[in-house]
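New to this one? Take a look at the fold below, and then we'll walk through it piece by piece.

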Amino acid sequence: MKIRDRTAPKASNYAMEVLLIDDQAVTVQVYAAIVRRTFAGARVDIAMDLTEGLQIAAHRKIDLVLLDLQLQNSGGVQTLNKFRRAAPAIPVLVVAAAEDRDTIHACLKAGAVGYVPKTSALATLRGALEKVAAGTLYIPPEAGAPPLKPAVNGN
């Protein structure tokens, strides 16, 4: 899913509008700085919980969401599912503490455009943002190879 081109006439003066949903204030400030370095002229909106994030998404033309899975009012992959149900057209890059393959694959299966473990976010977030902006999924090394499925004929 490629992030929409905002070069056409628009209501916003920003090249890109990114919503960060995370309840850790320092984390949000660091991610906001990375977003602004990655996308010159980007507007960054901040929500401390899912309810606030959904309200912002409903009233702004958000190009990309960076979503933590563990928030005060929601936890785990359900956080992503709730956001996707409310705003299915907005691409979501999950930036979360979980590093296990099951969580990463569940988020990708639920429609995330990528997954960045928080432990590697300082080193990889910019590259992940660039990949998803170009329309490519960002799958971290922690995800490993997707599980192999047996061939239909059993070979």
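Keep in mind that this is a predicted model. Let's start with two strands in it: β4, covering residues 92–96, pairs with β5 in the parallel sense, and four bridges link them. Within that pairing, V95 sits opposite V116 of β5.

Now zoom out to the sheet. It's an open one with five strands, paired in parallel and ordered β2-β1-β3-β4-β5. At its edges you'll find β2 and β5, each of which pairs on one side only. On average, neighbouring strands are turned by 20 degrees against each other, direction ignored. Helix α2 packs on this sheet and touches β1, β2 and β3. The direction of α2 makes about 145 degrees with that of β2.

Here's where some of these elements sit in the chain:

| Element | Residues |
|---|---|
| β1 | 17–21 |
| β2 | 43–47 |
| α2 | 50–59 |
| β3 | 64–67 |
| β4 | 92–96 |
| β5 | 114–117 |

Overall, the protein chain has five helices and five strands. From the N terminus on, they run β-α-β-α-β-α-β-α-β-α.

What about the surface? Its accessible area is about 8200 Å², with 56% belonging to carbon and sulfur atoms. V26, V30 and L122 make a nonpolar surface patch of about 310 Å². V26 belongs to helix α1, residues 25–38. Is V26 buried or exposed? With a relative accessible area of 65%, V26 is exposed, because exposed means over 50%.

As for the inside, buried residues make up 45% of the 155 residues in the chain.

Technical notes
Residues are numbered from 1 along each chain as its sequence is written. This is a predicted model: local features need pLDDT of at least 70, side-chain atom pairs count only at pLDDT 80 or more; totals for chains, interfaces and linings use all residues. Side-chain values use heavy atoms; hydrogens and water are left out. Two strands pair if DSSP finds at least two bridges between them. Axes are lines fitted to C-alpha atoms, for helices over the stretch in contact, and angles run from 0 to 180 degrees between N-to-C directions. Contact means heavy atoms within 4.5 Å. Patches are made of residues with over 30% relative accessible area and no salt bridge: like charges are joined within 9 Å, nonpolar side chains (Val, Leu, Ile, Met, Phe, Trp, Tyr) within 5 Å. Accessible areas come from the Shrake-Rupley method with a 1.4 Å probe; for residues, only the protein chains shown count as cover. A salt bridge is a side-chain nitrogen of Lys or Arg within 4 Å of a carboxyl oxygen of Asp or Glu. Buried means under 20% relative accessible area, exposed over 50%, partly exposed in between (1.4 Å probe, protein chains only).
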